[in-house]
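Me: I have a structure in front of me and want to learn how to read it. Can we take it one feature at a time?

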Amino acid sequence: MLKDITLGQYYQADSVLHRLDPRVKLVGTLIYMVSLFIFNNIICYLAAGIFLVIVIAISKVPVKFMLRGMKSIFFLMLFTVLYNMFLGKGTVIAEFGIFALTFEGIYNAICMFFRLLFLIIGSSILTLTTTPSQLTDGLESLFKPLSLFRVPVHEMAMMMSIALRFIPILMEETDKIMKAQLARGADFENKNPFKRLGCLIPLLVPLFVSAFRRAGDLALAMEARCYHGGNGRTRMKVMRLSARDFVAMGILLAYLGGIIFLGITLKELLPALLGYFVNGFTLVPLGSESI
Amino acid sequence: MNSSIVSMKKISYEYRRVDDDGHELEAIHALDQVDLDVKTGDFITILGHNGSGKSTLAKHINALLFPTEGTVLVDGYDTAEEKNLLTIRQCAGMIFQNPDNQIIGTVVEEDVGFGPENMGVPTEEIWERVDESLKTVEMNEYRKASPQKLSGGQKQRVSIAGVLAMHPKCIIMDEPTAMLDPQGRREVIRAARALNSVEKITIILITHYMEEAIYSDRIFVMDRGKIVMQGTPKEIFSAPDELNNYHMTLPMATELSYRLKEKGMNLSEGILSRKELVKELTAKIKDAGTVQELVAKADYPSDDRRKEETEVILEAKNLTFEYEAKTAMCVKAIDDLSVAIRAGEFLGIVGHTGSGKTTLIQLLDALIKPSSGTVLLNGEDVFNKKYDRKKLRRSVGIVFQYPEYQLFETTVLKDVCFGPKNLGLSEKEAEEAAKEALKEVGISEEYYEVSPFEISGGQKRRVAIAGVLAMNPSVLILDEPTAGLDPKGREEILGLLKKLNHSGMTVLLVSHSMDDVARYAKRILVLDKGNIKYDGNVREVFTHADELEQIGLAVPEVTYIMRDLKKSGMNVSTDILNLDEAVNEIGRVLC
């Protein structure tokens, strides 16, 4: 069941996107997110959507693989869409008790749907094309300035990468302990939730003991290999920005500029157009409550 | 050349155990006035039973622990001085027992680069060092792999590369082979020997396997925090009685040579390897001039004494188990396997890592569901929806690998009670069953109320086995029950299994050790690629030595000795399984 989650997984492929500096990708993802939030009009989303499709095509990650991870958040999206559709204020189209389907509601729901969809796909492209260790390296490098304020940036990055390394090991361990206790007659499938909670003790105690033992072993092994924190440490994989990274950064900034331009010019125009559409094709602005 | 790389002068290390209120319970002398001197370029081995202080000693060389008394000099640097710390750790690298817990990187090459990164080596040079070290341990082709995907032996070689990249003068290996299968063990020992002979790196190897010690320049034997014996392998293994006092055994070839000497044969002292023994024995034949005519083939005690067939208790029928079923990555761990196990049998299950042994035993206890086929217990289908699994769990007990990792209760007694209670026994009944099981495995009453996390490793293992025995199963399945134990611990567990089998319990022993299987099992099941390669009488199966080797297995060490003798012209029978038989057979030909 845990295997089905592709969200946050890495997909091995050889694309320009895979080769980009993780920092550029991190900043790029941030820029993309910002671009989704500054304006709330459908033309901007269209532009963002086109941009995303191009990026997906470049990434060489199969769309199917990407969408498989979306299943888990399907309900969240459905809920958001319904909420916006029926609980918005504006021109009522149909009424069902306290629920009113409004024109603005539909418009908002569509916007919200695409905002969420692009947000999730956009950030999953980051993790799909970047290995966890690159990601931690990128984060460490981006947050480096914070270490001036005594934020333990290196230590946090190290913890993150160790966690990433040990998650599969501990999952395997959980499976082993579970089977061992099952063989001793433990009942993990009891219907009574309280009893089921009790069943977790034979699973969790050995798991924690094992996690601590591993942590102790690992600390010793790290010390034995001269680990003494981030001071005086060199890096095997140094991140260097190449021409490709600058080009990517340029494209991202151009994209952001484009969205801002679209947003500003459409801010006045769009309500007018919509009003025209709603009020029987006469050019009357929708009033002060903008969308 | 002959300077000392490690020199310890009268070092002691003690720690205090305190109870919850901070009162001192006892002071434990893990090391007691140890003197140790290791010459640069030597290969030395430290032997000793579990808890004799070997690991504590090793950690002193790497400045992970500091002596409470005495001084430790590594390459002339005193470990007690803080400023020397990194120099010492760079100079004396360390490999630990558990292959999973010492790999830090998520990619092989990143892990190898970890040490040099910490030392502040310039980036360019780190890459050179990583390349060079991975090539030395022959792991270059796996450099982009995730450590997850490697075998135990490969993981240990990555760890060795990680230490090599720091350009150490000395490598300490703390039971690097204890958690590996025979093939992984060979890989690691071969790598260690190559480092010593080619790269001239001093190796300090800590091990429980006598066979790994025979190539070293010097051996140190530890007991209760002291070094009790030291010398060359020849000297050490020429004192079998003294070794036995410290719970150590002899290499198989040495043991056989002693047994032959007892029979009045004139062999030289300190035979260590198979090669030496075979050379000596064949020389004997040549001295005698002619090879004696074969008398009638010697009679071995028949293995089939209990020929009368008992009824089938547990049966697998056309079992198939697929991982990642219905995907492109579908792997058949078990492929249409059928086997019938009879009541009272002692069945050995052997197979290369990944041959499906563990999957098979999990299927036999219905811990996983087969893709097709089924398991019958006393003729009843255990995968039938109406079948009560408790009945199966009561009858078939499984002791998994490293069972001590499943202990969880506050006291030993409570932990052992867990199984019986799950089966619906009352508190009192469960306790009785638990006490009986604990007695069986040799855990005395004083430990009943002790936390299972505070007893020694060997005791934990036995408590965990008691936890399964307390359920009073009629079939007991054990997956590598002796892994990581010292020779004495191994004997104890195997002796226990023999006793249980004699009292009528059906025992299934999954093991990497062909010697153990040959000594205890009557019937043997050889798995390869999820199916049965051989199923039969132990003696018969081990005649297929070449075929077994092809699937990554071996035959017992004695059998190898007999085969080598035969190859060098001695007319001995090769279907020999244990020392007694070997002594008789060689005696028959030579006397």
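Me: What span should helix α5 of chain B have at 1.5 Å a residue?

Reply: Start with the terms. Helices (H or I, at least four residues) and strands (E, at least two) are DSSP runs, numbered from the N terminus. The expected span of a helix is 1.5 Å times one less than its number of residues. Helix α5 of chain B covers residues 152-164, 13 residues in all, so it should span 18 Å. Its end C-alpha atoms are 18 Å apart, which agrees. Bear in mind that this is a predicted model: local features need pLDDT of at least 70, side-chain atom pairs count only at pLDDT 80 or more, and totals for chains, interfaces and linings use all residues. Residues are numbered from 1 along each chain as its sequence is written, while chains are lettered from A and ligands numbered from 1 in the order in which they are written.

Me: How many residues of α5(B) are buried?

Reply: A residue is buried if 20 or more other C-beta atoms lie within 10 Å of its own, exposed if 12 or fewer, and partly exposed in between; C-beta atoms are placed from the backbone. In α5(B), 13 of the 13 residues are buried, so the helix is largely enclosed by the rest of the structure.

Me: Which residues of α7(A) are buried?

Reply: Helix α7 of chain A runs over residues 132-143. Its 12 residues reach 16 Å from first C-alpha to last, close to the 16 Å expected. The buried ones are S133(A), Q134(A), L135(A), T136(A), D137(A), G138(A) and E140(A). Their cover includes α2 (22-38) and α8 (153-183) of chain A, together with α3 of chain B.

Me: Is Y107(A) buried or exposed?

Reply: Y107(A) sits in helix α6 (residues 103-129) of chain A. It has 20 other C-beta atoms within 10 Å, so it is buried. G88(A) is 19 residues away along the chain, and the two C-alpha atoms are separated by 10.0 Å.

Me: How many residues does each chain give to the contact?

Reply: Two residues are in contact if their C-beta atoms, placed from the backbone, lie within 7 Å. Chain B gives 51 residues and chain A gives 43. On the side of chain B that touches chain A, the largest share, 7 residues, comes from α3(B). That side divides into 25 nonpolar, 19 polar and 7 charged residues. Here Ala, Val, Leu, Ile, Met, Phe, Trp, Tyr, Cys and Pro count as nonpolar, Asp, Glu, Lys and Arg as charged, and the others, Gly among them, as polar.

Me: How many helices and strands are there in chain B?

Reply: Chain B has 22 helices and 20 strands. Its radius of gyration is 26 Å, close to the 25 Å that the globule rule gives for 591 residues, so it is as compact as a globular protein of that length. The radius is taken over C-alpha atoms; the rule is 2.2 Å times the number of residues to the power 0.38. Of the 591 residues, 49% count as buried.

Me: What is the mean pLDDT of each chain?

Reply: pLDDT is the predictor's confidence in each residue, from 0 to 100. The mean is 88 for chain B, where 94% of residues reach 70 or more. For chain A the mean is 83, and 90% reach 70 or more. Over residues 1-7 of chain A the pLDDT is below 50. It also stays under 50 over residues 289-300 of chain B. Where pLDDT is low, the predicted coordinates should not be read in detail.
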